[in-house]
Amino acid sequence: MLGGSRKIFVIVGVLALLIAVAVAWQWPRQPEIPSYLNQLGGDFELQSVNGKVRLSDFQGKVALVYFGYAHCPDICPSALTLIGNTIRQLDSEQQQQVQSLFISLDPRRDTPESLKGYAAFFQADMLGLTDSPKHLQTVADLWRVDYHVPDEPADSNYAVAHSNFIYLVNPAGKVAALFDERASNNDIAAAIVQWLD
Amino acid sequence: MQRFAHFTSILGILIISGFCGVSAQANDDDLAITNGLIRLPPPGSQTAAAYLDIENHRNTDVCLMSITTDIAALPMIHQTIHDNGKSSMRETTQLTIPAHGSLQLQPGGMHIMLMNLEQPLLVDEDIYFNLHFSDGTTKSTVLKVKDMRENMDATHSNMDRSSHFHDGMVHQH
């Protein structure tokens, strides 16, 4: 048989537990990340015109990452235009919480200098990044980017075949979603907003 | 033997003309070019893509053989291929436009690749193209340079920390 004060403790304790469960149930949950995305992504360090840039520099923000090359006439401009259009349809506070990154797999023709203007055309804050072929291969492997740069001279107008995905990275630095050529700006904007405060 | 060779070469010509119409058509309106534009590339870019649709109102197939323009020496038609997440381009020649059918060259699919641009492209600029078909017809068309970015007035740069009041208008280009 419980004493009077102990009874009160138990009642208060049970009530507190019930309240905590009720609050947790209502608390907005973070979106789930599909398990197949756990195997790709990770921090990287690449060159921009203003120096080294790490993905982890943008922790706390949503990052949109795209791998391509600047001499691409159709696919890359389409994807980068989609990224820019998506970010611009967010309100100004939301835009401040998103960072777009364009990584060129073609350093023979694309330099950090040339990528600055190229990226900024699609979205004002988009960073254009590249690095040595060897380092790019390391990053591409981590991000499961499948690509091939032909061994041809820079002035030969070669094409670079590459995976065509827009990676959405959440504020914790994890790849949380992938979008392909069928995605719309509404799809991506909706996914971004889920991760913002 | 000679008669046989003659026969097979005539047969060969007939077969080819079945895929790409070779007989000249009198009516100039039977091939229509619509939905054409050139995607405005980033400043300094030497590569751009042009898109258009071709409608064939004829009773016979016809092939698009080549395209010429002053702004690029060798426009090529490319097919974008999406294969298990990996995208690449493949040059395509002799594109068939079926009788009473159409051919679409649009983003993500086929496009006209313009390389080594002879001049920078300006928004709303009119660029002339000649499309050369298998029957000897040449159709001229004008494609406008279009900025395919949207909501450019809604740009809020992370660099721009001052409280900028934008008029709230969204301008569609």
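Rings of Phe, Tyr and Trp form a pair if their centres lie within 6.5 Å. Keep that rule in mind for the first two views of this predicted model.

**Figure 1. A cluster of aromatic rings in chain A.** Ring pairs join A:Tyr66, A:Phe102, A:Tyr118, A:Phe121 and A:Phe122 into a cluster. Over all chains, the count comes to 8 aromatic pairs. A pair of aromatic rings is described by the distance of the centres and the angle of the planes, and the next view puts both to use.

**Figure 2. A:Phe67 and its two ring partners.** Start with A:Phe67 and A:Trp143. Their ring centres are 6.0 Å apart and their planes meet at 55°, so this pair is tilted. The two rings come from distant parts of the chain: A:Phe67 sits in strand S3 of chain A, while A:Trp143 belongs to the loop between H5 and S6 of chain A, 76 residues apart. Are these two residues buried or exposed? A:Phe67 has 2% relative accessibility and counts as buried. A:Trp143, at 0%, counts as buried too. Now look at A:Tyr167, which makes an edge-to-face pair with A:Phe67, with 5.7 Å from centre to centre and 70° between the planes. This pair also links distant parts of the chain, from A:Phe67 in strand S3 to A:Tyr167 in strand S8 (residues 166-169) of chain A, 100 residues apart. A:Tyr167 is buried, with a relative accessible area of 2%.

**Figure 3. The buried side of helix H5 in chain A.** Which residues of H5 (residues 133-142) of chain A are buried? They are A:Leu136, A:Val139 and A:Ala140. These residues cover an arc of only 100° around the axis, which puts them on the same side of H5(A). There is a handy general reason to expect such patterns: an α-helix has 3.6 residues a turn, so residues three or four places apart point the same way. The cover over the buried residues of H5(A) includes strand S1 (45-48), strand S3 (62-68), strand S4 (98-104) and strand S6 (147-148) of chain A. After H5(A) comes A:Arg144, which has a positive phi, near 55°.

**Figure 4. A nonpolar patch on the surface of chain A.** Here A:Val10, A:Ile11, A:Val14, A:Leu15 and A:Leu18 make a nonpolar surface patch of about 450 Å². One of these residues, A:Ile11, is found in helix H1 (residues 4-26) of chain A.

**Figure 5. A salt bridge between the chains.** Side chains of opposite charge can pair when their charged atoms come close. B:Lys86 and A:Asp146 form a salt bridge, with their closest N and O atoms 3.7 Å apart. This pair crosses between chains, from strand S5 (residues 86-91) of chain B, where B:Lys86 lies, to A:Asp146 in the loop between H5 and S6 of chain A. B:Lys86 counts as partly exposed at 26% relative accessibility, and A:Asp146 is partly exposed with a relative accessible area of 41%.

**Figure 6. Salt bridges within each chain.** How many salt bridges does the structure hold over all chains? There are 10. In chain B, B:Asp135 pairs with B:Arg58, their closest N and O atoms being 2.9 Å apart. B:Asp135 lies in the loop between S9 and strand S10 (138-146), and B:Arg58 in the loop between strand S2 (48-56) and strand S3 (62-69) of chain B, so the salt bridge ties together parts that are 77 residues apart in sequence. B:Asp135 counts as buried at 8% relative accessibility, and B:Arg58 is buried at 4%. In chain A, the side chains of A:Arg182 and A:Asp180 meet in a salt bridge (2.4 Å, N to O). A:Arg182 is exposed, with a relative accessible area of 69%. A network of salt bridges links A:Glu45, A:Lys52 and A:Arg54.

**Figure 7. A buried asparagine and its contacts.** A:Asn85 is placed in helix H2 (residues 75-88) of chain A. With 7% relative accessibility, A:Asn85 counts as buried. Leaving out residues up to four places away in sequence, A:Asn85 touches A:Asn185, B:Met148, B:Arg149 and B:Glu150.

**Figure 8. Two asparagines with positive phi.** A:Asn157 is not a glycine, yet its phi is positive, about 55°. A:Asn157 lies in the loop between S6 and strand S7 (161-163) of chain A and counts as partly exposed at 24% relative accessibility. B:Asn116, also not a glycine, has a positive phi of about 50°. B:Asn116 is in the loop between strand S8 (110-114) and strand S9 (126-133) of chain B.

Methods: Residues are numbered from 1 along each chain as its sequence is written. Chains are lettered from A and ligands numbered from 1 in the order in which they are written. This is a predicted model: local features need pLDDT of at least 70, side-chain atom pairs count only at pLDDT 80 or more; totals for chains, interfaces and linings use all residues. Side-chain values use heavy atoms; hydrogens and water are left out. Buried means under 20% relative accessible area, exposed over 50%, partly exposed in between (1.4 Å probe, protein chains only). Helices (H or I, at least four residues) and strands (E, at least two) are DSSP runs, numbered from the N terminus. The arc is that of the directions from the helix axis to the C-beta atoms. Contact means heavy atoms within 4.5 Å. Patches are made of residues with over 30% relative accessible area and no salt bridge: like charges are joined within 9 Å, nonpolar side chains (Val, Leu, Ile, Met, Phe, Trp, Tyr) within 5 Å. Accessible areas come from the Shrake-Rupley method with a 1.4 Å probe; for residues, only the protein chains shown count as cover. A salt bridge is a side-chain nitrogen of Lys or Arg within 4 Å of a carboxyl oxygen of Asp or Glu. Rings of Phe, Tyr and Trp (its six-membered ring) pair if their centres lie within 6.5 Å; planes under 30 degrees apart count as stacked, over 60 as edge-to-face and the rest as tilted.
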